[in-house]
Amino acid sequence: SSDLFPSHDMVLWKRSGVDIGDLVSAGRSDMVYLGQYSGDIVLSGVNIRVMHPDGGGAYAISYKMQKLIEQIPSGRKPHIFIAGHYHTALYFFYRNIHAFQAGCFEGQTTFLLRKGLNPAIGGWIIDVEIGKDKKKTILSITPTFIPFIEVE
């Protein structure tokens, strides 16, 4: 639980050297392991980078993502960049990159409560219109966040 492991990233790997993502994907033909913290997926010519960054959130919800994007060299930028870890949901366009904070599927824990954080529980549906040019320019993007609503 988050209460036992406040930073639970790769706990099993740190303790035993076992990479659970590698083990799961090795046993499933429908899964491709992208790496421990980051990987690129290409769909219909559109490069999508997914990342599980380090550290806690910042004073402004977009700040950490902005700093991550600023470090990507111009020739290596993805079309879409999706980051998890912060348990927040956000979309913005910066340096010609469509940036998303993924949200999460974990409810409020005592750890988050003590930190004054309330997670954005849910996920994104992203509708993308791609140009027919060689660079696969994104002509339009429609992000829709679908929040989890608890039924009582």
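**Notebook: L12 and the nonpolar patch**

I looked up L12 and found its place in helix α1, residues 11-16. The model I am reading is a predicted one.

Next I checked the exposure of L12. Its relative accessible area is 43%. I log L12 as partly exposed, because 43% falls between the 20% limit for buried and the 50% limit for exposed.

Then I asked which residues join L12 in a nonpolar surface patch. I noted V18, I20, L23, V24 and M31 as the other members. Together with L12 they make a patch of about 480 Å². L12 can be a member because its 43% is over the 30% relative accessible area that patches require.

Which helix gives the most to the nonpolar patch? I found helix α2, residues 20-26, with three residues.

I moved on to the whole chain. I counted four helices and seven strands. Along the sequence I read the order as α-α-β-β-α-β-β-β-α-β-β.

For the extent, I took the box along the principal axes. The C-alpha atoms fill roughly 50 × 35 × 35 Å.

I looked up burial and surface too. The chain has 152 residues, and 28% of them count as buried. The exposed area is about 10100 Å². Carbon and sulfur atoms supply 58% of that area.

I then turned to contacts with a separation of 6 or more. Residues 24 or more positions apart account for 43% of them.

Last entry: charges. I noted 15 positive and 14 negative ones in the chain. Their mean positions lie 10 Å apart.

Notes. Residues numbered from 1 in each chain as written. Predicted model: local features only at pLDDT ≥ 70, side-chain atom pairs only at ≥ 80, totals over all residues. Heavy atoms only, no water. Patch = residues over 30% accessible without salt bridge, like charges linked within 9 Å, V, L, I, M, F, W, Y side chains within 5 Å. Areas by Shrake-Rupley, 256 points an atom, 1.4 Å probe, with all protein chains shown as cover. Salt bridge = Lys/Arg side-chain N within 4 Å of Asp/Glu carboxyl O. Helix = DSSP H or I, 4+ residues; strand = E, 2+ residues; numbered from the N terminus. Buried < 20%, exposed > 50% of the residue type's maximum accessible area, 1.4 Å probe, protein only. Contact = heavy atoms within 4.5 Å. Lys, Arg positive; Asp, Glu negative; His and termini not counted. Charge placed at Lys NZ, Arg CZ, Asp CG, Glu CD.
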